[in-house]
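Student: I should like to learn how chain contacts and residue environments are read from a model. May we work through an example together?

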Amino acid sequence: MTATPEPMLQVSDLVIEFDTSAGRRRVVDGVSFSVQQGEVLGILGESGSGKTLSTLAVLGLVPGRPGVVGGRIDLVLDDRREALLADLPTVVSTPNRGPVRKDDRRWNRLVQRRWRPLWGRVMTAVFQNPRQSLDPLMTIGAQLDESVRLAEPTLGRLEVRGRSLDWLARVKLHEPARVHASYAHELSGGMCQRAMIAIALARQPRLLIADEPTTGLDTTVRQEIVELFQELLAAERRAMMYISHDIREVLFLAREIIVMRHGRIVEVVAAEDLKAGRGRRHPYTATLLAAADLPVGEVAS
Amino acid sequence: MNRLLGLVLLAGRRLAGGLLLLVGASFLIYFTIRSAPGDAIDAITPMGTPPEVKEKLAADFGLDQPPLAGYVTWLGRSATGDFGESLVFAPGEQVMTIARPAFKLTLLVSGGALLLCLFLATALAVVLGEPSPRQQLLTGALYFVTAAPAFVAAIFFSQGMNAFVRRFVEDAGYDTPPWYPIPIYSESVMPYFFAGIVLVAGDGLFMDMLNTVRAEILAVRNAQFIAAIRAKGASTLPHTFRNLVVPFVSAFAARLPVVLGGVVIVEYVFTLDGAGYLLLEASKQRDFPVVVGLSVLFTLAIIVMNLLADVVRAAVDPREVARNG
Amino acid sequence: MGRFSRIGLWLSGAIVLVVVLLGVVAPFIPYEPADAVSYDRVLEVPSVSHVLGTDEQGRDIAMRLVKGTEAFFLPGLMAAGIAVLVGALAGAVAGYATGPVRAVIVGALQLLDTLPRLVFIILVCTIRNPSVTLIAFVAGVLFIPTVAAVIRRKVEALGSEDYILAHIAHGFHSVWVILYHILWLQCWPIMVRQAAYVFGYVLFVETGLSYLGDYGVQEPDPSWGNMVAQVRSLPPDAPWPWLVPAAAIVLTISGFLAFGNLAARRGEEAIR
């Protein structure tokens, strides 16, 4: 291992819980990981493994009650360290009486206050179901213009439009002008996801969180989207968290990979080692590799 | 441009549909008249109506012709706003002349009440936020209170206000307010205001509205695109508002018929000179042309409201044109 | 289903049960309105012999309250029956059929839906001999589109579900699948909710029109509506003759609506 610089994002001992009709359920159970400046962290796991929620917590977007109930999220920006979850009223215990309860209104208010300066500028996200990520009542162009204006408030109307069209071309949408004037329902899922990537990147964030961006898309389109990420990242040296249940995509993009299952991290491994079959694999990772017809290597018992 | 054309086409199609519905509804109304037992003209006029009036009425409503021909005659006259002359309520007056101001008033009261209801429901929905078990006592109590029919709500309201005035104003030696006792027979705006309050509070309207509005607000607030907009650092408010226009317009339009029913009885309880009062009074006195004219106007109001709602929906939501195009 | 909803279901169920019992029993209680009048016990406060007091004419309020259920009970059932049965069938056809059949049904439903209910009821009352049965019949017919709309949505949603398609693919007749698997097994909560709603509406119209005095139940026959109407002539210090029936109206309507909603919700949870 080479000497690693201080990571830009460090998550430690994250715990997320939800109240269900069957009582309280712990969906993320003490997860820790970190993202280096300009590197891609892949998070691999099946649905329900807590991978999406872990990343939503980084974004300050965990919905529901009680949500995040413990852990630390530290962000290092220009040598300034910010503890995002510090001093938030995480849980309110009522001793001897029932389950813990969180004042979620207060929590939401505080979280919004803390994350507002970060959203877009420092971190932003591309979600799965691209069509549902776009405001159905506004044209793609209007939403992209919004991002461009937020990133560069001094631009004039025409410059904003020009920048938007550039972005649409960079995400390889043909006929950018037509897409600019289209609504989400008029485009295919793949086109919507490209537009979504443009909208996210136009904010020029330092960290892009891509949460299963290819789920629900056709196989050929998935390939193209993944390649698009690769290209855009190589050009910008942006950090990214890439969440997927597809081991091939993660292997293609990420340098370091964490494998999650049942709300816990089962393995942290460098993509190189995984590809080459070096080291001993956790049985679950081995299953994933085998299912994708990749060399498994040695399996830890 | 393409979208504008689609919008115009859709509006045109909706207009045609609305006209068709109006024709259909008027057909139903006309055949309800024709279905009167025995000699229709005797069944619908008060006793002792002079024969020449009966004859004129029969001619106006095409009752002297076979049903279909009669319908066409009547429809032709009604289409020009000519619903005949009042028999008893204001003998010899054109129905439109007395119905128009009354109907305007009714639309004002019910539209105002509905807007107030929408506003209050939205405010409460925003305050309540995500549903939680702790709120159920409040919503349960509200559900119970607002399920009262508007006329019962009106009685509770007027009796309560009157008792209040007797107890705390009269007995204390102050001047009684101009609206005491309710119902008032005066030109004041207070009765309309009271009627509005009762319409909001009665007929289960408020809880129905609250549930709808709340579900819509939560659906938009928890929508994925709102999370995406937040994540890119933009303000979610304009997006939220825009996405709520369609559900709000639909909620408003869908409840207009309910309010137009409630207002009939409430106007009668508060003796307001609206179309509902006119309808009941004319119906009691068997002033048949007025009743029919008003029935058509009420139906027209509902059709026009639905038409407007459709056009607004299509104007705000581009998917609407695509879906119907 | 939360604890609060369960309590609500029991409470509203109790209200419905009481009203149904009264509605069934009331016709067998002998009552001659004219004989009940007694001017030597006018406006008595509730006591052992008159548990809810007496009204302006010295009639026992509890008795009139019980007999008053007759005015809306059977008409309410009839209206609920018409609206739910016809509405469910129309909705199922509208949701499943194609072509001209569907167009005709959808058009007819839309047409009925544009008529303002109370206004149309008053129109019918102007033309025909007004009676609560007639009013309930018209109300039932006017509620057909409301029921049909929800049923149709359900049928359309279920129509593309795999197990429904599987049933049809296994050779069951699609009419049987719709009637049994969709309407009977899946839509009964909807029907319960709608039936309770229509019943509540008939109570609302009957009491409202009886209150106004011309088309509902006429004095001296009892109706909760014309009992409330005594409010016009009662002295302020004797509110119970109108307060009792007014409370009964509110309780019954909210009870039926709540029961319909909560029972339906429980049913939907059980189906899922």
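**Chains, helices and burial**

Tutor: Of the two pairs of chains that touch, chains B and C share the most contacts, a contact being heavy atoms within 4.5 Å. This is a predicted model, in which local features need pLDDT of at least 70, side-chain atom pairs count only at pLDDT 80 or more, and totals for chains, interfaces and linings use all residues. Residues are numbered from 1 along each chain as its sequence is written, chains are lettered from A and ligands numbered from 1 in the order in which they are written, and side-chain values use heavy atoms, with hydrogens and water left out.

Student: How far apart are the nearest C-alpha atoms of chain A and chain C?

Tutor: They are 9 Å apart, and chains A and C do not touch.

Student: Is Ser254(C) buried or exposed?

Tutor: Buried means under 20% relative accessible area, exposed over 50%, and partly exposed in between (1.4 Å probe, protein chains only). Ser254(C) is buried because its relative accessible area is 4%.

Student: Which residues does Ser254(C) touch, not counting residues up to four places away in sequence?

Tutor: Ser254(C) touches Tyr143(B), Phe144(B) and Ala147(B) on that basis. Within chain C, a polar atom of the Ser254(C) side chain lies 3.3 Å from the backbone oxygen of Leu251(C).

Student: What is the accessibility of Leu22(B)?

Tutor: Leu22(B) has 23% relative accessibility and therefore counts as partly exposed. Leu22(B) touches Leu300(B) and Ile303(B), leaving aside residues up to four places away in sequence. The C-alpha atoms of Leu22(B) and Val304(B) are separated by 9.6 Å, although these residues are 282 residues apart along the chain.

How values were computed. A polar contact is a pair of N or O atoms within 3.5 Å; within protein, one must be able to donate a hydrogen and the other to accept it, and residues adjacent in sequence count only if both atoms are side-chain atoms.
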